[in-house]
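I opened my notebook and picked a few kinds of side-chain contact to look up. Here is what I wrote down as I went.

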Amino acid sequence: MSLLSSALREYIQDRSAVKVLATLDGNDAPYAVVSPFLQLDEQGHLVHLELLEKSVTNRNLLRSLWFDRKISVSVGSYVIKGSPVKAHISGPVFRRYYEQVRCVLDDADLSCVWLIEPEEVVDETYATRKQQEEEQFPFSVHLDRLTN
Amino acid sequence: MRLALAGKTAPTPIDEVVRRYPDVPRLLVIKTDVQRRGVFYSDAALALLDETQHQTTGTHIFGARDGLIALRPESLLLRDGSSIITTPTPLEENPYVVDAKDGVPWLFDDGIPLEAVDYWPAPDFYARTSSSGVPMKNIVSARPQRLNIFPYRYCTFWNNNKGCSFCDIVSQLKKGGKELNIPAKLDPREVGDVIGEALKEPGRFSSVFLTSGSIVSGQEAFDDEVDYYIQILHEVGRHFKAPKFPSQIIGTAFTKKQLQRLYDETGLMSYTSDIEVLNEELFNKLCPGKAEWIGYREWKKRLVDAVEVFGPGRVNTGLVAGIELAGPHGFSSEDEALERTLDEAEELARQGVSTVFIVWSPRPDTPLGDQKNASLDYYIRLARGLHALRVKYRLPIGFDDYRHCGNHPDSDLSRLLPY
Ligand code: SF4
């Protein structure tokens, strides 16, 4: 069964929703960028279309794939943790996304089609997290909130 | 299939090397070792090969390690987008095996599955035929992102039997001419037409590459080779808006005047001239034609001259790594070979010339065909050493990287560099 709920899948496929991809650089410093083309493929991978070969994100994704480091994607109030598992630079999959990018952005190029395997979904919706926090960590609540 | 788990199986002999070099990705170690040991395709793997979708062997200027011309995958793509350019190798020589697993090709070592691989995708123009009736793929061939032009499949160093000791260009020409209908010398106009067809495919190619055997003739030695490249590059250039287009040539070490002509009169953007081995004595023994016509020191000088013409980060030289250890004249230890090679590579890097290597695969129709190549450890150390020189001297290698060539473990490492 997919890790991603159907609501989340729909949200990911919504072109107008903002999706942020966070990677780690060589010094383990986080680096987050908006991934405007982020989408799902038929196998349930998150697909990040990297337009620039030498971008920090492209190199960080490669480092993640090479050395087994996690990345995360934030979509609305959800954080999806995962691993890049494949970079397409040629072939039918690449071409399909290349044409997609070129339809949307004038004179754009596409460097890599990154497939990211989702491994964990964290629901960061405030109401959900607040309830969890208050149940699990009752000692971190300010008392004035609990008075009559 | 969950690709993320593809690399995590039982321990294999490469794991020891992976542990020793934590800065080198496992995929690169696998790639290098597959290049070193070659591959054998099982029947099930060959059944997954589809000529309408995949590139098959036969178009290359050099031959295979098993000496056969047969329908096999041209090469493999790993999941980091890099290629393994490797040759089919007989099972007795202990190659990696490509077999089918879950309906896709996988690399196996000693029965242990290592990685899923893709066969190189066939470009659209492979299905077409040129105006003279030759299949277009026999005129221009492809790598995942590169168009290959091998305009002249002979090398005149062989005229007096002074070709390089690891080279099978002439025997491959004989086989290719007979069995594959590949013209020995291409018509520039026809090359241009095929390039025009190839460029119609969206998102497929990001550079044009030319190499041929050396042509010693001309008013000045090698003028004919330069003239021929210029003719071909003119025909290629008519398809581009700008005067320069991403391109690379592997040519003989030309004089500065010849280099300047190549740069000024064509769209060429980068230049490679393979010195093959970084040691004067070995160069003289293993590359007697190059030694006779140009000489080791002059070869190096011309590489440095090329930096003035093409600019830093646009010139390199290639090594056939492993030949420096082969035969009675080779270095006696890998430590010595590494130290001496990197010393000379550094002298070139300081002057703006990058060095890349290919893993030597001994081919049957060559004088060194019965020798063994070096250890995996050696190749990994060499890759790290050459990459470190590019870092130290800030030399970009974008024209000869995993996208444009795919045959150099050292330039794969440079993918993480910001330049
Ligand atoms: S220069 Fe050497 S390696 Fe190149 S084609 Fe001639 S003989 Fe072969």
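How many aromatic pairs are there over all chains? I am working with a predicted model, and the count comes to 17 aromatic pairs over all chains.

**Entry: aromatic rings**

I started with Phe157(B) and Phe222(B), which form an edge-to-face pair, with 6.2 Å from centre to centre and 80° between the planes. Then I checked where the two rings sit in the chain. Phe157(B) is in the loop between strand E9 (146-149) and helix H4 (169-180) of chain B, while Phe222(B) is in the loop between strand E10 (207-211) and helix H6 (223-237) of chain B, so this pair ties together parts that are 65 residues apart in sequence. I also noted that Phe157(B) and Phe222(B) are buried.

Next I looked at Phe240(B) and Phe245(B). Their ring centres are 4.4 Å apart and their planes are at 10°; planes under 30 degrees apart count as stacked, so this pair is stacked. Are these two rings buried or exposed? Phe240(B) is partly exposed, at 26% relative accessible area, whereas Phe245(B) is buried, at 2%.

I found an aromatic cluster as well, made up of Tyr229(B), Phe254(B), Tyr263(B), Tyr271(B) and Phe310(B).

**Entry: charges over rings**

Tyr263(B), a member of that cluster, turned up again here. The charged end of Lys244(B) sits over the ring of Tyr263(B), 3.6 Å from its centre. I wrote down another case too: the charged end of Lys185(B) sits over the ring of Tyr152(B), 5.3 Å from the ring centre.

**Entry: salt bridges**

How many salt bridges does a search of the whole structure find? I noted 50 over all chains, and I followed up a few of them.

Asp118(B) and Lys86(A) meet through their side chains in a salt bridge of 2.6 Å, N to O. Asp118(B) lies in strand E7 (residues 118-119) of chain B and Lys86(A) in strand E6 (residues 78-88) of chain A, so this pair joins two chains. Asp118(B) counts as partly exposed at 27% relative accessibility, and Lys86(A) counts as buried at 11%.

Within chain B, I looked up Arg37(B) and Asp109(B), whose side chains meet in a salt bridge of 2.8 Å, N to O. This pair links distant parts of the chain, 72 residues apart: Arg37(B) is in helix H2 (residues 26-37) and Asp109(B) is in strand E5 (residues 104-109). Both Arg37(B) and Asp109(B) are buried.

I then turned to Glu16(B) and Arg19(B), which share a salt bridge of 3.4 Å, N to O. They both lie in helix H1 (residues 14-20) of chain B, three residues apart, which is about one turn of the helix. Glu16(B) is partly exposed at 39% relative accessibility, and Arg19(B) is exposed at 61%. These two also belong to a network of salt bridges with shared partners, which joins Glu16(B), Arg19(B), Arg20(B), Asp335(B), Asp377(B) and Arg381(B).

**Entry: backbone angles**

Most residues other than glycine have a negative phi, so I looked for exceptions. Asp68(A) is not a glycine, yet its phi is positive, about 60°. I found Asp68(A) in the loop between helix H2 (56-67) and strand E5 (71-75) of chain A, partly exposed at 48% relative accessibility.

Asn94(B) also has a positive phi of about 60° without being a glycine. Asn94(B) lies in the loop between strand E3 (83-84) and strand E4 (96-101) of chain B, and it is partly exposed at 48%.

Key:
Residues are numbered from 1 along each chain as its sequence is written. Chains are lettered from A and ligands numbered from 1 in the order in which they are written. This is a predicted model: local features need pLDDT of at least 70, side-chain atom pairs count only at pLDDT 80 or more; totals for chains, interfaces and linings use all residues. Side-chain values use heavy atoms; hydrogens and water are left out. Rings of Phe, Tyr and Trp (its six-membered ring) pair if their centres lie within 6.5 Å; planes under 30 degrees apart count as stacked, over 60 as edge-to-face and the rest as tilted. Helices (H or I, at least four residues) and strands (E, at least two) are DSSP runs, numbered from the N terminus. Buried means under 20% relative accessible area, exposed over 50%, partly exposed in between (1.4 Å probe, protein chains only). A charge sits over a ring if NZ of Lys or CZ of Arg is within 6 Å of the ring centre and within 35 degrees of the ring normal. A salt bridge is a side-chain nitrogen of Lys or Arg within 4 Å of a carboxyl oxygen of Asp or Glu.
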